[in-house]
Amino acid sequence: MASQSSELKNLRLAVLIDADNAPRDCLKNAMEEIAIYGTPTIKRIYGDWTSPNIGGWKSCLLENAVTPIQQYSYTSGKNSTDSAMIIDAMDILYKGSTDGFVLVSSDSDFTRLAIRLREAGMYVIGMGERKTPNPFIVACDKFIYLEVIRERARKAAGTAKRQKTEQQKKNADRHSANKSAAVEKTPEKRVPDKIVNLIANSVADLADDEGYIDLSNLGNLIIKKKPDFDPRSYGFGKLSTMLKNLPRFEVEVRPTADPHVRPIYIRDLEA
């Protein structure tokens, strides 16, 4: 993804999901993507939850703190879910509690809603599959294809598996060379592969043209993606100390005119 560090704003976002026209297998990855653009203060998903057709959503809603909104299908062939979602969007708009909206759907019925929200000064992000009609795509400030998010997650999982295998080999070699040291340090300093990849993905999200990201921006993004992230859980007092102990990342302290101000920048050496 292109650098966005200078443009990133801590937007308060309302995330509204059309359960009838969005895939069920990438909610977690979609929420991580949304965290790049702001904080999702409202997260709702609309559908007829008495219908078995959308039952697959239920297992991941609690994990991502998304509130299901029940909307019965009063008439066969009519999508009452769209109407409920549009009404809620306008209610949220007039309350003035958000800076932008994320509309997750592949349905062109939300084109007029996106246009209206932008007319009111809202930043509108659309998320849907590649089958999404072009009118809805161009009505948004930014549109993100869910297939792209899914592919990125698949590659990250493959990379994590490969790195785990390599790390296991390195650990075995190190264990043979210095068994006592390995036994002593591993329990305290072990950083899970999924955390290393979370950091790497976050660096990639906001890195400048040279691959660097300011440590404070990196920390803010990681917290948005994983609210319970804490370097102390892995034996480190600070994020900077943790990164210095991960050979994958380069930590650069840059001097400034003020000797007391020394910003820290991070780069992924495997990017």
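The expected span of a helix is 1.5 Å times one less than its number of residues. This rule is used in the second legend below; the model shown throughout is predicted.

**Figure 1. The whole chain contains 10 helices and nine strands.** Of the 271 residues in the chain, 42% are buried. Contacts between residues at least 6 apart in sequence were also examined, and 60% of them join residues at least 24 apart. The chain exposes about 14,800 Å², with carbon and sulfur atoms supplying 51% of that area.

**Figure 2. Helix α8 covers residues 193–206.** With 14 residues at 1.5 Å a residue, helix α8 should span 20 Å, and the distance of 20 Å between its end C-alpha atoms agrees with this. Helix α8 is largely enclosed by the rest of the structure, because 11 of its 14 residues are buried. The buried residues of α8 are Asp193, Ile195, Val196, Asn197, Leu198, Ile199, Ala200, Ser202, Val203, Asp205 and Leu206.

**Figure 3. Phe136, Phe143 and Tyr145 form one aromatic cluster.** The whole structure holds three aromatic pairs. One of them joins Phe143 and Tyr145, whose ring centres are 5.4 Å apart and whose planes meet at 70°, an edge-to-face arrangement. Residues under 20% relative accessible area count as buried, and those between 20% and 50% as partly exposed. Phe143 has 14% relative accessibility and therefore counts as buried. Tyr145 has 25% relative accessibility, so Tyr145 counts as partly exposed.

**Figure 4. Phe229 and Tyr234 form a tilted aromatic pair.** Their ring centres lie 6.3 Å apart. The angle between the two planes is 35°, and the pair is tilted because angles under 30 degrees count as stacked and those over 60 as edge-to-face. Phe229 has a relative accessible area of 9% and is therefore buried. Tyr234 is buried as well, with a relative accessible area of 13%.

**Figure 5. The charged end of Arg254 sits over the ring of Tyr212 and also over the ring of Tyr265.** From the centre of the Tyr212 ring, the charged end of Arg254 is 4.9 Å away. For the Tyr265 ring, the corresponding distance to the centre is 3.8 Å.

Methods: Residues are numbered from 1 along each chain as its sequence is written. This is a predicted model: local features need pLDDT of at least 70, side-chain atom pairs count only at pLDDT 80 or more; totals for chains, interfaces and linings use all residues. Side-chain values use heavy atoms; hydrogens and water are left out. Helices (H or I, at least four residues) and strands (E, at least two) are DSSP runs, numbered from the N terminus. Buried means under 20% relative accessible area, exposed over 50%, partly exposed in between (1.4 Å probe, protein chains only). Contact means heavy atoms within 4.5 Å. Accessible areas come from the Shrake-Rupley method with a 1.4 Å probe; for residues, only the protein chains shown count as cover. Rings of Phe, Tyr and Trp (its six-membered ring) pair if their centres lie within 6.5 Å; planes under 30 degrees apart count as stacked, over 60 as edge-to-face and the rest as tilted. A charge sits over a ring if NZ of Lys or CZ of Arg is within 6 Å of the ring centre and within 35 degrees of the ring normal.
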